[in-house]
Amino acid sequence: MKEHTDYTLLGLKALQRAAAKVTENARKHRIKIPIWKDGIIEFEIPPEAPKQKNRDNV
């Protein structure tokens, strides 16, 4: 039995793209968004995304 259906994975990728766009927009316009931390919701401006290294230049 398959652990995840194809539709589940498509939905997950869509949610991840949407979350990335929201955090990018919040960072750009300095808007606080709700973030779950230590069992409570805190409103803060998301931190800058870490830069990814190119695997060829490692």
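Here is a short conversation about how some labels on this predicted model are earned.

Reader: What should I know about the model before we start?

Author: This is a predicted model, in which local features need pLDDT of at least 70, side-chain atom pairs count only at pLDDT 80 or more, and totals for chains, interfaces and linings use all residues. Residues are numbered from 1 along each chain as its sequence is written, and side-chain values use heavy atoms, with hydrogens and water left out.

Reader: Why is the contact of Glu44 and Lys37 called a salt bridge?

Author: The term asks for a side-chain nitrogen of Lys or Arg within 4 Å of a carboxyl oxygen of Asp or Glu. Glu44 and Lys37 meet at 3.2 Å, N to O, so the pair fits that definition. The structure holds one salt bridge.

Reader: What makes Glu44 partly exposed?

Author: Buried means under 20% relative accessible area, exposed over 50%, and partly exposed in between (1.4 Å probe, protein chains only). Glu44 has 22%, so it is partly exposed. Its partner Lys37, at 34%, is partly exposed too. Of the 58 residues of the protein chain, 5% count as buried.

Reader: How do you know that the length of helix H1 agrees with its expected span?

Author: Helices (H or I, at least four residues) and strands (E, at least two) are DSSP runs, numbered from the N terminus. The expected span is 1.5 Å times one less than the number of residues. For the 24 residues of H1 (residues 6-29) that gives 34 Å, and the end C-alpha atoms are 35 Å apart, so the two agree. Arg30 follows H1, with a positive phi near 55°.

Reader: Which order do the elements run in, from the N terminus on?

Author: They run α-β-β, from one helix and two strands.
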